[in-house]
Number of protein chains: 4
Amino acid sequence: MSDTKPFLSDNAAKVHPKIWEAMRAADNADAPYDGDALSAELDARFSDLFGRECAALWVATGTAANCLALATMVQPHGGVVCHEEAHVEMDEGGAPGFFLHGAKLMLAGGESAKLTPETIRVLIDPIRDDVHQVQAHAITITQASEYGCVYSAGELAALSEFAKARGLGLHMDGARFANAAAHLGGSAKDTAGGVDSLAFGCIKNGAMSAEALVLFDPEQADLVKYRRKRAGHLQCKGRYLAAQIHAMLDGDLWLANARAANGAAAEIANGCGDRLLHPVQANEVFAKLNAHEREALRAQGFDFYDWGTDAARFVASWDSVPEDASALGKAISAL
Amino acid sequence: MSDTKPFLSDNAAKVHPKIWEAMRAADNADAPYDGDALSAELDARFSDLFGRECAALWVATGTAANCLALATMVQPHGGVVCHEEAHVEMDEGGAPGFFLHGAKLMLAGGESAKLTPETIRVLIDPIRDDVHQVQAHAITITQASEYGCVYSAGELAALSEFAKARGLGLHMDGARFANAAAHLGGSAKDTAGGVDSLAFGCIKNGAMSAEALVLFDPEQADLVKYRRKRAGHLQCKGRYLAAQIHAMLDGDLWLANARAANGAAAEIANGCGDRLLHPVQANEVFAKLNAHEREALRAQGFDFYDWGTDAARFVASWDSVPEDASALGKAISAL
Amino acid sequence: MSDTKPFLSDNAAKVHPKIWEAMRAADNADAPYDGDALSAELDARFSDLFGRECAALWVATGTAANCLALATMVQPHGGVVCHEEAHVEMDEGGAPGFFLHGAKLMLAGGESAKLTPETIRVLIDPIRDDVHQVQAHAITITQASEYGCVYSAGELAALSEFAKARGLGLHMDGARFANAAAHLGGSAKDTAGGVDSLAFGCIKNGAMSAEALVLFDPEQADLVKYRRKRAGHLQCKGRYLAAQIHAMLDGDLWLANARAANGAAAEIANGCGDRLLHPVQANEVFAKLNAHEREALRAQGFDFYDWGTDAARFVASWDSVPEDASALGKAISAL
Amino acid sequence: MSDTKPFLSDNAAKVHPKIWEAMRAADNADAPYDGDALSAELDARFSDLFGRECAALWVATGTAANCLALATMVQPHGGVVCHEEAHVEMDEGGAPGFFLHGAKLMLAGGESAKLTPETIRVLIDPIRDDVHQVQAHAITITQASEYGCVYSAGELAALSEFAKARGLGLHMDGARFANAAAHLGGSAKDTAGGVDSLAFGCIKNGAMSAEALVLFDPEQADLVKYRRKRAGHLQCKGRYLAAQIHAMLDGDLWLANARAANGAAAEIANGCGDRLLHPVQANEVFAKLNAHEREALRAQGFDFYDWGTDAARFVASWDSVPEDASALGKAISAL
């Protein structure tokens with residue numbers, strides 16, 4: 001693959017050397033499941049990071065993290081409001097239907113895959129308050145959004161206030177939480193706003209197989225522990241997952257990696273001009289590019305996904321080569 | 001932990017150096033999910049091992065492997081026959097109820113946690129053939145059993161014949177499949193008999209986070225792929241799981257590790273004499289030991305689980321220190 | 001209620017005298033569940049009606065009938081294509097999510113709540129053939145549609161051909177099947193086209209508590225029997241449900257009742273002129289009427305539902321008083 | 001069937017004339033679903049009967065009533081303690097697995113199919129308090145039990161106290177609640193003890209298709225309403241079900257019918273002497289009878305179920321002919 005310059009997906013990025021080190025060091029611990037010290041320390045670690053009490057558990061995928069949180073927030077006969085282009089709706093193979101025992105995803109609109117109180121109101125206000133129609137029990141938002149856009153502290157406050165007023169839970173899919181935090185200046189607290197639960201993504205950001213599920217409601221955390229086991233997600237050797245998460249937080253590696261990825265995306269965006277379909281605030285670039293143009297870029301060794309028939313998606317990751325990113329930006333500019 | 005001699009659980013064993021090497025080497029692959037070459041090669045690898053066509057997928061836990069197999073073998077309104085002390089019934093937090101959408105575990109008896117056609121007949125023959133009673137759709141057996149006992153080739157043939165005659169699927173929980181194979185002389189084929197699916201355990205045997213789910217029915221394999229994603233078990237960076245499984249098979253590391261564990265268990269068993277509650281055929285030893293005796297052993301640094309009020313369970317693993325095992329055997333003998 | 005002229009819902013209509021007679025006569029049968037002769041004869045009865053072999057079972061609600069059919073046609077990880085305004089999506093309280101174990105409703109468009117091969121193609125062709133996206137397993141259509149419109153024999157043939165070509169099951173929600181059949185000239189066979197299963201509605205058409213679920217695939221029928229019991233829908237005294245269905249078919253009471261209802265709806269439609277939002281082909285009339293106009297109608301004793309802010313829905317039933325219907329038509333015309 | 005003397009099942013009994021009258025009278029109501037006055041009055045009716053506030057809903061089967069109650073009392077990852085011979089375990093086709101989304105039935109022992117605090121303790125005390133084992137969330141008992149035995153007020157108080165102490169919900173399957181109440185002197189309150197919910201059976205006792213689900217916790221009642229709809233159990237013409245329940249309560253028809261059935265059972269029991277396998281306290285008689293003896297009884301026109309190989313079950317119902325019952329008692333005595 002020596003000539004390929006990959007901007008296909010941050011899912012395929014390498015594991016960061018510090019993550020490897022931390023995993024190797026975990027060999028010496030010896031309690032099974034989550035009985036080890038590293039797993040036990042996650043609660044305190046994230047309570048520090050967010051400045052409020054929380055519980056934190058490792059799971060192997062963002063899908064599991066999101067669904068475990070939602071399943072303990074929503075009754076099977078209820079519904080979850082999400083953006084109509086949200087990952088849970090589009091790309092999780094029906095996982096919410098499975099974990100939530102058939103609860104309904106209720107699809108709202110919004111610019112750049114971001115929900116607002118107004119787009120949610122348009123969806124749920126017409127629902128009759130009777131048993132014939134599914135009632136919303138929670139909202140899930142994605143930070144950064146599926147189009148690489150970031151909810152500001154103000155937008156989060158408005159959503160949180162709305163959710164509380166309506167008695168709805170509020171979950172955040174943070175598969176690219178670090179990239180959002182990097183954009184917002186590095187405060188985990190500001191980036192999460194007043195959510196009830198958060199899937200704190202590590203895998204796209206240089207970990208191997210661990211996401212942190214952060215729960216700000218201790219009762220929910222207790223339920224999630226049972227549900228994680230029941231879903232086959234309580235791994236025998238959990239210390240290796242906990243180690244990845246600790247390493248990600250140590251010395252703010254999570255922010256450093258995200259800044260690298262965001263920086264590479266900015267380099268690409270620099271060459272896109274009017275082609276940009278969404279503001280580039282994290283590590284993803286969506287650009288108008290026709291089939292001919294995409295072919296030309298691929299001929300130069302750039303790898304990426306088509307986005308429909310007239311656009312492309314470029315995703316930078318912590319290990320993107322800066323020269324590749326600026327080369328891509330220039331190549332697009334030169335089309 | 002320098003003074004502790006751990007025989008608590010093979011779940012807590014270290015990751016084998018060759019597994020680490022293989023994972024590190026996988027850094028250089030770059031396709032997300034299971035799109036990488038290592039994942040793709042698993043089918044061929046296990047088809048070779050078992051001498052018949054099969055598909056093989058990685059998953060992170062035995063619970064997931066077992067439940068994904070059973071969920072695609074059993075209708076939600078059906079049932080799965082398992083031993084009344086089987087891991088799926090006792091220790092998986094209700095995972096079968098979740099993955100199988102409420103299908104029923106139907107509990108049969110049998111010596112040393114092993115099912116026989118006769119114990120299954122006693123359970124299912126009285127079931128009326130009507131819609132008021134749950135009908136069995138499949139059988140699951142554990143190789144080696146929860147009491148460390150191994151199904152012989154003849155016993156497996158009888159079960160397979162019985163299952164076919166009754167139109168029942170046959171799954172094998174092989175969390176300690178390698179230990180069983182080591183006992184039977186090393187043939188994977190003989191150890192699996194005519195099962196339809198097998199959870200080929202790696203984690204207790206020196207891997208970190210990968211089990212192989214082996215499916216001998218290609219239609220079932222197709223379903224399992226959808227269900228794995230839906231259960232949040234399709235990891236982004238699957239190449240690191242595939243690498244563990246390949247390393248386990250390379251040069252028969254799986255058998256070497258299992259032989260080491262079985263050997264350590266045999267050393268312990270040597271000291272147990274009449275105390276043994278079950279034949280020691282794999283890496284587990286169940287021995288009659290009263291509270292006073294257990295305390296005496298713990299005072300010498302041995303770590304293990306109580307098994308009820310009058311017995312103890314000792315589990316050896318690939319990294320058990322041989323001297324510790326023989327010391328434990330002698331200590332029991334000297335009680 | 002002497003002064004009210006009810007056009008609110010056919011759900012609230014009286015039970016027809018012949019249905020009462022048939023139920024009373026069933027007192028003399030004596031087998032529990034569906035072991036009685038009346039229940040057993042349903043298969044033959046509907047095989048005659050449709051001119052092809054089928055199985056037929058009673059259930060108490062259309063929701064149960066639709067969901068039992070779909071649950072045995074669709075894997076939990078799959079999806080069902082329905083119209084975005086279909087009853088299963090809008091008004092069944094999430095029942096499909098429950099019965100189908102979290103399978104997804106996939107929403108397509110179409111005039112007057114009727115699907116076409118083209119509207120389905122627009123929905124499902126962009127779905128990638130991978131495990132990340134939910135794949136369609138079946139289609140459900142409503143005959144007559146939620147807007148009182150009828151699929152013609154030609155439209156049904158096109159849908160059936162499309163479904164077969166794509167390997168999708170085809171179910172028909174026939175809550176108002178009789179009204180559709182009356183519109184099409186009375187042939188049950190033509191009205192059902194080539195569907196795999198049909199909820200043959202009786203309750204809106206003068207029965208008390210029995211719908212017939214008709215299954216043209218014998219294997220599916222066998223599964224449905226288990227699922228009906230499992231859903232708590234196998235009533236102890238099923239003979240009283242079977243009796244209602246038989247009475248509905250005797251002497252084509254089903255068609256006579258539907259013709260009466262359709263006739264009343266036509267009378268109402270006569271007065272609507274340009275106000276009509278959909279062709280009136282069955283027993284429902286949707287008409288543009290502002291709040292002031294609706295108030296005027298209610299002041300004259302007519303009862304009906306608002307349909308959004310600018311329209312009303314009138315539903316006629318077998319026991320609608322013809323004079324009330326023509327009075328309503330005239331009242332609308334006079335607005 | 002003129003010569004048959006049926007003691008097969010109270011499930012097949014005729015509908016009582018007063019039930020028919022009440023249903024016919026409901027023709028004149030006109031609100032769909034449970035919007036009618038009869039349905040609305042059930043709460044007050046049962047609050048009177050039990051002397052404490054409750055909500056009451058109609059459903060068509062005992063299976064649905066039990067499962068809706070339990071599903072709103074138990075998390076999907078939890079379990080329900082029931083007797084190992086309870087109807088929910090043996091004869092509901094896996095309905096609890098469906099309604100409770102895979103929660104586990106946990107089987108306890110007890111004489112004559114009655115649970116006691118002690119038999120429950122034996123079952124649940126050994127369960128480790130961790131996520132690997134399913135934890136009990138509720139208990140369900142059957143009044144009268146599956147062997148026709150009645151929980152006394154004292155036994156109920158002990159169970160209720162135990163449930164509260166352990167934080168477990170307590171549900172009562174009252175398929176034959178009336179027969180139990182008749183045995184205990186007629187007090188509904190004493191017969192229900194301190195349960196949280198009760199399936200108040202009507203169908204075996206002369207109704208056609210309505211059981212009352214009585215909920216003493218208003219929050220649970222709210223959930224049940226959503227779940228009833230979602231399970232396809234909210235019938236369009238609910239007034240006909242509500243009417244049956246009102247008629248059953250009017251003038252204590254429920255007690256009169258139960259007394260008739262219990263009386264007939266007592267006549268049968270009179271002839272059984274040492275053959276009785278369980279005390280006869282309600283309307284069921286279980287008697288030791290070999291195949292030859294059963295054949296002799298059948299030759300005299302008595303109809304009943306074999307109970308295993310060496311016994312028979314006789315069930316009397318409200319419409320059992322007293323002469324038939326005493327004839328059966330004499331015939332058994334004369335064997």
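Copies of a chain are superposed here by least squares on the C-alpha atoms of residues with pLDDT of at least 70 in both. The model on the screen is predicted, and the tour below moves from pairs of chains to domains and then to pairs of helices.

**Stop 1: chains D and A**

Select chain D together with chain A. A turn of 180° and a shift of 0.0 Å along the axis lay chain D on chain A with an RMSD of 0.0 Å. The two copies are therefore related as by a two-fold rotation axis. To find this axis in the viewer, select D:His101: its C-alpha is the one in chain D nearest the axis, at 3.3 Å.

Next, display the contact between these two chains. Chain D contributes 11 residues to the contact, and chain A contributes 11 residues. On the side of chain D that touches chain A, four residues are nonpolar, three are polar and four are charged. Of the interface residues of chain D, 100% are also interface residues in chain A, so the copies meet through the same surface.

**Stop 2: chains D and C**

Keep chain D and replace chain A with chain C. Chain D can again be superposed with an RMSD of 0.0 Å, in this case on chain C, by a turn of 180° and a shift of 0.0 Å along the axis. The residue to select for this axis is D:Ala231, which comes closest to the rotation axis among the residues of chain D, with its C-alpha at 3.6 Å.

In this contact, 35 residues of chain D meet 35 residues of chain C. To see where the chain D side comes from, colour four helices of chain D: α1 (17–25), α4 (62–71), α6 (95–99) and α11 (218–230) each supply at least two residues. By class, the side of chain D that touches chain C has 18 nonpolar, 10 polar and seven charged residues. Here too, 100% of the interface residues of chain D are interface residues in chain C, so the copies meet through the same surface.

**Stop 3: the two domains of chain A**

Hide the other chains and colour chain A by domain. Domain 1 covers 5–12 + 256–333, and domain 2 covers 17–252. The C-alpha centres of the two domains of chain A are 27 Å apart. Their contact takes 18 residues from domain 1 of chain A and 17 residues from domain 2 of chain A.

Which elements give two or more residues to the side of domain 1 of chain A that touches domain 2 of chain A? They are α13 (253–270) and β9 (284–288) of chain A. The largest share of that side, six residues, is provided by α13(A). The side of domain 1 of chain A that touches domain 2 of chain A comprises eight nonpolar, seven polar and three charged residues.

**Stop 4: helices α3 and α12 of chain A**

Remain in chain A and select residues 42–50 (α3) and 239–249 (α12), two helices whose axes lie 11 Å apart at an angle of about 25°. Angles under 35 degrees count as roughly parallel, and α3(A) and α12(A) are therefore roughly parallel to each other. Their crossing is left-handed.

Show side chains for A:Leu42, A:Arg45 and A:Leu49 of α3(A), which meet A:Ala242, A:Ile245, A:His246 and A:Leu249 of α12(A). This contact of α3(A) with α12(A) has five nonpolar residues, one polar and one charged.

**Stop 5: helices α9 and α13 of chain C**

Move to chain C and select helix α9 (residues 177–184) with helix α13 (residues 253–270). Their axes are 8 Å apart and the helices pack at an angle of about 80°; α9(C) and α13(C) are therefore roughly perpendicular to each other.

From α9(C), select C:Ala178, C:Asn179, C:Ala181, C:Ala182 and C:His183; their partners in α13(C) are C:Trp254, C:Leu255, C:Asn257, C:Ala258, C:Arg259, C:Ala261 and C:Asn262. The residues of the contact of α9(C) with α13(C) divide into seven nonpolar, four polar and one charged.

**Stop 6: helices α13 and α15 of chain D**

Finish in chain D with α13 (residues 253–270) and α15 (residues 322–333), whose axes come within 6 Å and cross at roughly 20°. Accordingly, α13(D) and α15(D) are roughly parallel to each other, and α13(D) passes α15(D) in a right-handed crossing.

The residues to display are D:Ala264, D:Glu267, D:Ile268 and D:Asn270 of α13(D), with D:Pro322, D:Ala325, D:Ser326, D:Leu328 and D:Gly329 of α15(D). Five residues of the contact of α13(D) with α15(D) are nonpolar, three are polar and one is charged.

Terms used: Residues are numbered from 1 along each chain as its sequence is written. Chains are lettered from A and ligands numbered from 1 in the order in which they are written. Two residues are in contact if their C-beta atoms, placed from the backbone, lie within 7 Å. Domain bounds come from an automatic or database domain assignment. Ala, Val, Leu, Ile, Met, Phe, Trp, Tyr, Cys and Pro count as nonpolar, Asp, Glu, Lys and Arg as charged, and the others, Gly among them, as polar. Axes are lines fitted to C-alpha atoms, for helices over the stretch in contact, and angles run from 0 to 180 degrees between N-to-C directions. Angles under 35 degrees count as roughly parallel, over 145 as roughly antiparallel, 65 to 115 as roughly perpendicular and the rest as oblique. A crossing is left-handed if the near helix is turned anticlockwise from the far one by less than a right angle, and right-handed if clockwise.
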